[in-house]
Structure formats: C-alpha cells, structure tokens
Amino acid sequence: MMRIIKLLTLLVFAATVTTSCGSQKSGKKSATAGAEKKKPKKGGIQPYTKVITKKAKSDEGLFTVHQVEDSYFYEIPDSLFNREMLMVTRIAKTAAGLGFGGGKQNTETLRWQRKNDNVLLRVVSHQVVAADSLPVSMAVENSNFEPILYSFPIKAIKKDSINNNVVIDVTDFFTKDVPSIGFPKRSRTRYKATRLDEKRSYIDTLRSYPLNIESRHVKTYLASSPPSNSSTGSISLEMSNSMILLPKEPMKRRYFDQRVGWFARG
C-alpha cells in the first residue's frame, strides 16, 4: 500500500514539474515573439539613431544634410512637403572642348511628396494653368499629372515634441544616371555617350543653407567620340545642382518687353 502511495506521489510531482517547465518555455516563446514583432524589418524604416549614427557629419539648413561615411541623407521637415522648389543644373567643371564651366543645362520646378513609406520627387509644370475658382481647374489638373522624377524609401523618422522629420538616402540620386541632373541628352548624342560609369562617379560636396541646398557631383560617361582625351573613351564632368525654396505665394509674371534685352520664356 505504501509503495502505491509513493508511486502516485512521484507521478503527481513529475506532472507538476513538466507543466511548470512547459509554461516557462511558452512564456519565453511569447516574449521572443513579442520582441520579433517590435524589431524593424530589414530594409524598412529603422530607428533614427541606427541610420544617423554618432559618426554622422550634419549640416543644418533648408533640409538637414547628413553624411555617414560615403552615404548622404536628407532630413526633410513635414512643413516642406508639397512646397515648390526650383532646381538649376549646371556644368561646374567640364572637359576640354566641351563648352565652359558654369553653363546651364536644365531648370525644373520640383515638389517633395510623402507617399506611405516613400518620398516622391515630382516635376511641376506651369505651362497650362487655371485659377482654382474656375470649373475648368480640375480638368487642367487631371491633364497635367506631375511625373515622378525619383522615389526614395524612407530610412528613418525623427518624431518628438518639436520635430516630425523624414530621413531619406540621396546617395544613388546623385551618383546614378538621372538624366535631368546630369549630362543632357543632346550632348550624349553628339559625343556618343552610352552610359554612366558608377565606379568613376561620386558626390563631391552637399551643403545646406537656410533657403537652398547646393550639390557638386562628378559624373563619368563612357563615350566613343569624346571632345578630348579620346584614349580614355570617356567624359568626366563636375555637375552643380542648386535647389532653392520658392515662396508660398507665387511670384508675379513679368510681361515680355523687347527693350529688356534678356532671355524670355513663354
């Protein structure tokens, strides 16, 4: 009889220990699962300090520009989304026989727009306009959909009682082949430039000021008919991009007068 009682006691003890261990393991699993849910997914939006590290060199201005080793980031305040900005692209330094340094290549009106987890850079056109008060304004807007020049995945968000800023990586925008801020198509055709050599292209400087951002980046294109140094089979240029914030209230048009003696645009 005593043996039976002892056996039953041992079985009850073993069942209690097994249940306790199972609940502990279950608790650990649920805690681990909770930690995995909170962990940002790879390639998604990361914590601000993980993207903009202590190694970052920051330049405050229109946007705060951060340099982390060879990568460059824009930190864009919420208040500057959907504001119009003017981008002027020039060749700052050029190869012999290819124009002159300072020659303007392109002008565009741009708008930064947040769309879910991306920031879109759109090109604004004012060639066809209509007052908001007119019924035709909606038709004009629908017929002038703003093209997307570039899409930037959001890398981090700085949100506190003062800031609500979005961080994007702009390295590829300046080092890859984006025609509107690089060598113009007419020149590529003339010198038979086929593609951009990314290994010989880089960002030189990226500086921020209160109302504008100034960038300098070197572009090297493979070309079969370069204007000089034909043995290299390429053309290297230093491009300059000036982006300036335009006023909220549009500037008044100046009507053409031939006595001005300067360029005009319809």
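Q: What makes the approach of the Thr171 side chain to the backbone nitrogen of Tyr72 a polar contact?
A: The side chain of Thr171 reaches the backbone nitrogen of Tyr72 at 2.9 Å, and a polar contact is a pair of N or O atoms within 3.5 Å, where within protein one must be able to donate a hydrogen and the other to accept it, and residues adjacent in sequence count only if both atoms are side-chain atoms. The separation of 2.9 Å lies within the 3.5 Å limit, so the pair meets the distance part of the rule. The model is predicted, with local features needing pLDDT of at least 70, side-chain atom pairs counting only at pLDDT 80 or more, and totals for chains, interfaces and linings using all residues. Residues are numbered from 1 along each chain as its sequence is written, and side-chain values use heavy atoms, with hydrogens and water left out.

Q: Why is Thr171 called buried?
A: Its relative accessibility is 13%, and buried means under 20% relative accessible area, against over 50% for exposed and in between for partly exposed (1.4 Å probe, protein chains only); Thr171 therefore counts as buried. Thr171 is placed in helix H4, residues 171-175, helices being DSSP runs of H or I with at least four residues and strands runs of E with at least two, numbered from the N terminus. Leaving aside neighbours within four places in sequence, Thr171 is in contact (heavy atoms within 4.5 Å) with Asp70, Ser71, Tyr72 and Ile203.

Q: How do you know that strand S12 is largely enclosed by the rest of the structure?
A: Strand S12 covers residues 234-245, and nine of its twelve residues are buried, so the strand is largely enclosed.

Q: What makes S4 and S11 paired with S12?
A: Two strands pair if DSSP finds at least two bridges between them. Eight bridges join S4 (residues 84-93) to S12 in an antiparallel arrangement, with Thr89 bridged to Asn241. Eleven bridges join S11 (residues 212-223) to S12, also running antiparallel, with Val218 bridged to Glu238. Both counts satisfy the requirement of at least two, so each of these strands is paired with S12.

Q: How do you know that Ala95 is in contact with residues beyond its neighbours within four places in sequence?
A: Once those neighbours are left aside, Ser228, Ile235, Ser236 and Leu237 are in contact with Ala95. Ala95 sits in the loop between S4 and strand S5 (103-115), yet its C-alpha atom is separated by 6.6 Å from that of Ser236, 141 residues apart along the chain. At 18% relative accessibility, Ala95 counts as buried.

Q: What makes the phi values of Lys192 and Asn229 stand out?
A: Most residues other than glycine have a negative phi. Lys192, in the loop between helix H5 (185-191) and strand S9 (193-196), has a positive phi of about 55 degrees although it is not a glycine. Asn229, in the loop between S11 and S12, has a positive phi near 50 degrees, and with a relative accessible area of 56% Asn229 is exposed.

Q: Why is the pair of Glu69 and Lys55 called a salt bridge?
A: A salt bridge is a side-chain nitrogen of Lys or Arg within 4 Å of a carboxyl oxygen of Asp or Glu; the closest N and O atoms of Glu69 and Lys55 are 3.9 Å apart, so the pair qualifies. Glu69 lies in the loop between strand S2 (64-68) and strand S3 (71-77), and Lys55 in the loop between helix H2 (48-51) and strand S1 (57-59), so the pair ties together parts that are 14 residues apart in sequence. Both Glu69 and Lys55 are exposed.

Q: What makes Glu198 and Lys176 a salt bridge?
A: Their side chains meet at 3.1 Å, N to O, which is within the limit and therefore satisfies the rule. This pair links distant parts of the chain, with Glu198 in the loop between S9 and strand S10 (202-208) and Lys176 in the loop between H4 and H5, 22 residues apart. Glu198 counts as partly exposed at 42% relative accessibility, as does Lys176 at 29%.

Q: Why is Arg188 called buried, and Asp177 partly exposed?
A: Arg188 has a relative accessible area of 14% and is therefore buried, whereas Asp177, with 32%, is partly exposed.
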